[in-house]
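User: Please examine closely how the interior of this protein is packed. I would like one connected account that begins with a single residue and works outward to the strands around it.

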Amino acid sequence: AITAGKIGGIGTVPVDRVETGVMKPGMTVVFAPCGLSTEVKSIEMHHTQLPEAVPGDNVGFNVKNLSVKDIRRGYVASDSKNDPAQEAEAFPGSVIILNHPGQIGAGNTPGWDGHTAHMAGALLEWLRRMDGRTGKELEASPKFVKSGDAVIAKMEPTKPMWGEKFSENAPLGRFAVRDMRQTVAVGVIKEVAKVAD
């Protein structure tokens with residue numbers, strides 16, 4: 001979870017875990033979904049300056065010209081020169097319904113948890129129901145789904161949210177669907193249409 005604090009004499013310091021890639025001082029990062037970019041001035045882990053941060057490192061990194069109010073929990077920082085994360089439009093997700101007492105119809109707006117972001121999102125339509133083991137299509141455009149079903153769903157965030165294709169960035173391509181104070185489904189993002197700048 002990117003959280004940011006202001007440290008006297010240093011400035012704004014977002015804190016997060018590096019999931020993929022390498023972060024180095026001097027590199028320009030973009031925060032998604034807001035699209036703000038800035039330069040990384042320094043990186044620290046356990047009060048020790050690092051020449052670079054690699055996947056698995058929990059680090060704080062000092063950034064230029066951003067205030068604490070510009071960065072929110074759930075934002076993702078990525079290298080501006082290497083296909084940066086951006087705000088996503090509606091996307092297809094492969095979803096497995098785990099635990100729901102009834103039927104779920106299209107148009108439902110449950111809570112989503114994607115990496116560290118938590119928000120409401122619309123399940124616009126069920127594209128197809130599949131056999132969970134073989135992936136063979138069982139029914140096109142089902143009206144509803146229930147516990148145990150594996151489906152491809154068209155999903156749309158209700159507020160700006162980043163999204164990454166699971167096959168290209170697994171940590172940022174997973175999500176959970178929450179309803180009635182419990183996890184009712186899990187899934188992965190199949191494809192992402194990023195919002196044009």
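Analyst: **Packing of the interior**

Leaving out residues up to four places away in sequence, Val95 touches Asp149, Ala150, Val151, Ala153, Met155, Phe175, Ala185, Val186 and Gly187; contact here means heavy atoms within 4.5 Å. The model is predicted, so local features need a pLDDT of at least 70 and side-chain atom pairs count only at pLDDT 80 or more, while totals for chains, interfaces and linings use all residues. Residues are numbered from 1 along each chain as its sequence is written, and side-chain values use heavy atoms, with hydrogens and water left out.

Val95 is, with Trp126, Met155 and Val177, among the residues with the most contacts inside the largest nonpolar core, which has 18 residues. Such a core is a set of buried Ala, Val, Leu, Ile, Met, Phe, Trp, Tyr and Cys residues joined through side-chain atoms within 4.5 Å. Buried means under 20% relative accessible area, exposed over 50% and partly exposed in between, with a 1.4 Å probe and protein chains only. At least two residues of this core come from each of strands S8 (91-97), S11 (117-130), S14 (150-157), S15 (174-179) and S16 (182-189). Strands are DSSP runs of E with at least two residues, and helices are runs of H or I with at least four, numbered from the N terminus. Apart from this core lies another, of 15 residues, including Val29, Leu50, Phe61 and Tyr75.

Strand S14 has 6 of its 8 residues buried, so it is largely enclosed by the rest of the structure. It runs antiparallel to S8, to which 6 bridges join it, and Ser94 stands opposite Ile152 in S14. Strand S11 is likewise antiparallel to S14, through 8 bridges; here Glu125 has Lys154 as its bridge partner. Two strands count as paired if DSSP finds at least two bridges between them.

The structure also holds 3 aromatic pairs. Rings of Phe, Tyr and Trp (its six-membered ring) pair if their centres lie within 6.5 Å, and planes under 30 degrees apart count as stacked, over 60 as edge-to-face and the rest as tilted. The rings of Phe31 and Phe61 have centres 6.4 Å apart and planes at 10°, so this pair is stacked. Because Phe31 lies in strand S3 and Phe61 in strand S6 (residues 58-63), the pair ties together parts that are 30 residues apart in sequence. Phe31 is buried at 0% relative accessible area, and Phe61 is buried at 2%. Elsewhere, ring pairs link Phe91, Trp112 and Phe175 into a cluster.

Strand S3 (residues 28-32) also contains Ala32, which counts as buried at 1% relative accessibility. Beyond its neighbours within four places in sequence, Ala32 is in contact with Tyr75, Val76, Ala85, Gln86 and Trp162. Ala32 and Trp162 are 130 residues apart in sequence, yet their C-alpha atoms are 5.8 Å apart in space.

Thr38, in strand S4 (residues 36-45), is buried with a relative accessible area of 6%. Its side chain reaches the backbone oxygen of Lys64 at 2.3 Å. Not counting residues up to four places away in sequence, Thr38 touches Met27, Thr28, Val29, Phe31, Val63, Lys64, Asn65 and Leu66.

For the protein chain as a whole, the secondary structure comes to 0 helices and 16 strands. Of its 197 residues, 40% count as buried. Among contacts with a separation of 6 or more, residues 24 or more positions apart account for 65%.

Definitions and conventions. A polar contact is a pair of N or O atoms within 3.5 Å; within protein, one must be able to donate a hydrogen and the other to accept it, and residues adjacent in sequence count only if both atoms are side-chain atoms.
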